[in-house]
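Let's take a look at this one together. Have the sequence and the 3D view open while you read.

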Amino acid sequence: MNGLAGATVIQLTARATTLARKGQLWFYADDATPGLDAARQPGLVRLRDPDGRDLGLALCSPRSRLALRRCGPWPGDGVPAPGEFLRARLGAAIASRAAFAARDGGVRLIHGEADEIPGLVVDRYVDCLVVQVGTAPLEAMRAELVEALEALCSPRMILARNDIGVRKLEGLDATVRLLSGHRVEELTIVEDGLRHPVRPFDGHKTGFYLDQAPARGYVRAHARGRSMLDAFAYQGGFALAALAGGARDALAIDESEPALLRARDTATANGLAGLETLAGNAFQVLRDLRRAERRFELAVVDPPAFAKSRRELEGGLRGYRDLDRLALRLLAPGGLLVTCSCSHHVTLEKFEEVLRQAAADLPFRIFLRARLGAGPDHPVSLTAPESEYLKVLVVERAG
Ligand code: SAH
């Protein structure tokens, strides 16, 4: 099967072909005609339209509802060996980051569908790699993946942070596993001259919120002289960026005391004064701050995904609206609010609508100042809007 030229070919229906030509990347088993019988094992397949014309490669997951994920063109009409496929895709993705990936920093090397390896995330922290393997066909190529990453990056460690829910849909277990090299519990990355601790084994995501680098840059550039609020701070990425940018002080709120302890240690390690932390439920703390008539000239609200599924969308939108409204009322005149959503199911339009609703009837005007998102190491495929999951809006209270 895989590795043999001219191997598995899957034909899409006419309807699915139309969608594929518009850029759709994901297809169900019944988008294939006469079905997926040709692919009994998870792996690479060649896709064709009903007239036999080529639609490139796909990763096939025969037992998952979401059975076919397209992964771009490939010369000839067969399928490459997994190692050959991975070396080519990984090599291209890594080369495309060369211009901005600092050796002593953190960078997303592979961002799934946008890098034509659907279901795969690879983050590099200095010389350590943390991968997330989200699908059965990629899991079947694990040995080749490790080999290709070792050849391309010579990493000190490759860790699989496969403790992600989506693996269940693919019949895979959710585990954290050292794939190669030595166990590195904690290391330091440098971003804009600031040193941040990263814990690959037990930190959030793969260890750090790399996707918020552009927003941290924005906060840093707009922080001078301001009193700053960092709600849902984790280990204080935004608060530290603000202090480094000359903020007068910063208050970091999170429900996790260990995360806040790391924020305080990081401030000290970077020689930054003025950080205050408060452990608690951010919704409640924001209400308390309002009651105490506290005001901030710069506020960041960066909660976890409130709408993890379409079913949770309504409740999630309510959560964002409540938070935005609470935060807007804490702004001093001329103050900036940076509000974020990492929910796939909340589109930019919806997120903006929610913010508009939150701002309605407030006794001051609000201006939209910026729309930000993840950086160039988290590329967004124009024809696959799903790949744009992080939305960041910046608004300003009139002076
Ligand atoms: N802003 C951070 C990332 C935030 S992730 C950064 O840029 O690094 C979301 C954070 O919200 C997590 O640290 C989690 O502990 C915290 N959290 C989740 N629900 C919360 C709640 N109700 N109140 C306070 N913190 C909460």
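Five strands make up an open sheet here, in the order β6-β7-β8-β9-β10, with mixed pairing. Strands are DSSP runs (E, at least two residues; helices are H or I, at least four), numbered from the N terminus, and two strands pair if DSSP finds at least two bridges between them. β6 (106–111) and β10 (176–181) sit at the edges with a single partner strand each, so one side of each has no neighbour in the sheet. From one strand to the next, the twist averages 20 degrees.

This is a predicted model, where local features need pLDDT of at least 70 and side-chain atom pairs count only at pLDDT 80 or more, while totals for chains, interfaces and linings use all residues. Residues are numbered from 1 along each chain as its sequence is written, and side-chain values use heavy atoms, leaving out hydrogens and water.

Now for the ligand. It is surrounded by 14 residues (each with a heavy atom within 4 Å of it). Among the closest are the three in this table, where a polar contact is a pair of N or O atoms within 3.5 Å.

| Residue | Ligand atom | Protein partner | Distance |
|---|---|---|---|
| F232 | nitrogen | polar backbone atom | 3.0 Å |
| D254 | oxygen | side-chain N or O atom | 2.7 Å |
| E255 | nitrogen | polar backbone atom | 3.1 Å |

The ligand on its own has 580 Å² of accessible area (Shrake-Rupley method, 1.4 Å probe), and the protein covers 90% of that.

Notes:
Axes fitted to C-alpha atoms, helices over the stretch in contact; angles between N-to-C directions. Polar contact = N/O pair within 3.5 Å; in protein donor to acceptor, adjacent residues only side chain to side chain.
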